[in-house]
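Colleague: Before us is a model whose core and sheet I should like to learn to read. Where might one begin?

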Amino acid sequence: MLDNKLRPGRNDATGGDAFAKHSFPPDGMVAQSRIDHESTPLLTAEIRSGVFVFAGAGGNLTAIAGSPGGTIVDTGYGPRVAEIEDAVVGVLGRMPRWAINTHWHFDHTDGNAGFAAAGATILAHANSRARLSTSQYVPSLSWRISASPRKAWPSLTFDHPFSLDVGTEELHLLPQAPAHTDGDVAVFLSQANVLVTGDLFTHRSYPVIDESSGGSLRGMIEAVEGLLPMIDGDTVVVPGHGAATNRTGLAAFLDMLRSIENRILVLIEAQREIPEIMAARPTAEFDSVWGRGYATGAHFTSMALAGMGLIDAPAALPARAA
């Protein structure tokens, strides 16, 4: 559903004090994602009247027309923020009044300071603000992140569902129990029938499970199980990464997660050691479809084991060869 029509934009880096400082490994999944976020063209698609998705400059961003000013869900990757802002203004006619973070990771929040400076109020789960305001370390990604500058912190936080009326649309903000992180928020647009999942769902790629933020495979499964009954066959589902899809796409993701969890649990029940579980390749059946993104099947398995508390601090695995 994402088209390849490029809109004019600029790709200059915003002042360095606007972002947290990210220390990336010389190789590995996060380093590869950073390269892709810097070089992939920014694509724009209108998935419903007045609802736009931007892909390529970090996690997917969703802009929603409204009065006054509209809303953006997630704010993108640091060096692309000026380009993102131009694209959002191009479809909304002005900078948004509201900016919602689906979780705290850099590719979804680096633009917070810029959008806030232009007048947006940043909303997020209370745990996302806590993580943005303090330095973080994600062992499974070998990723160190400094605290974001205060102007990038969400100014309105919540940990219970609530609705935001933006004039043309009612947004239902749905905080989740720990899943991808401990600060995940899904957003349901009731009029447009659109579900924005953040990284609770990645379409045709294995998701990151951030064990350092309370993430777990079981939590991911339970989050998607809770979202599926809310939507129908006409719902457009916007994942954190990958093309927009529908209920069938989200259900296939859930089936994959459940199957891999079941295989890992069988191996654990058989008292297999961690190297044996890794060697058994519990993701093998799904790697040809879901292992084509940043995370290989082996990396996803290691993150799942970390989320189960079976690996204390897994080292980041090397990126796939080009």
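**Reading the core and the sheet**

Modeller: This is a predicted model. One may begin with a single residue: beyond its neighbours within four places in sequence, Leu257 is in contact with Pro207, Leu217, Met220, Ile221 and Phe300.

Colleague: Which residues of the largest nonpolar core touch the most other members?

Modeller: Leu257 is one of them, together with Trp143, Tyr206, Leu250, Phe253, Met256 and Phe300, in a core of 48 residues. At least two residues of this core come from each of α1 (29-39), β9 (143-145), β13, β14, α6 (217-227), α7 and α10 (297-307). With eight residues, α7 gives the most. Another core, of 22 residues, lies apart from this one and includes Ile64, Phe158, Val166 and Val238.

Colleague: Where does helix α7 lie relative to the strands?

Modeller: Helix α7, residues 247-269, lies across β14 (194-202) and β15, and runs at about 25° to β14.

Colleague: How should one read the sheet itself, and in what order do its strands stand?

Modeller: In general, the strands of a sheet pair through backbone hydrogen bonds, either parallel or antiparallel. Here the sheet is open and holds five strands in the order β11-β12-β13-β14-β15, with mixed pairing. Its edges are β11 (162-165) and β15 (236-241), each pairing on one side only. On average, neighbouring strands of this sheet are turned by 25° against each other, direction ignored.

Colleague: How many bridges join β12 to β13?

Modeller: Five bridges join β12 (residues 170-175) to β13 (residues 185-189), and the two strands run antiparallel. As an example, His172 has Phe188 in β13 as its bridge partner.

Methods. Residues are numbered from 1 along each chain as its sequence is written. This is a predicted model: local features need pLDDT of at least 70, side-chain atom pairs count only at pLDDT 80 or more; totals for chains, interfaces and linings use all residues. Side-chain values use heavy atoms; hydrogens and water are left out. Two strands pair if DSSP finds at least two bridges between them. Helices (H or I, at least four residues) and strands (E, at least two) are DSSP runs, numbered from the N terminus. Axes are lines fitted to C-alpha atoms, for helices over the stretch in contact, and angles run from 0 to 180 degrees between N-to-C directions. Contact means heavy atoms within 4.5 Å. A nonpolar core is a set of buried Ala, Val, Leu, Ile, Met, Phe, Trp, Tyr and Cys residues joined through side-chain atoms within 4.5 Å. Buried means under 20% relative accessible area, exposed over 50%, partly exposed in between (1.4 Å probe, protein chains only).
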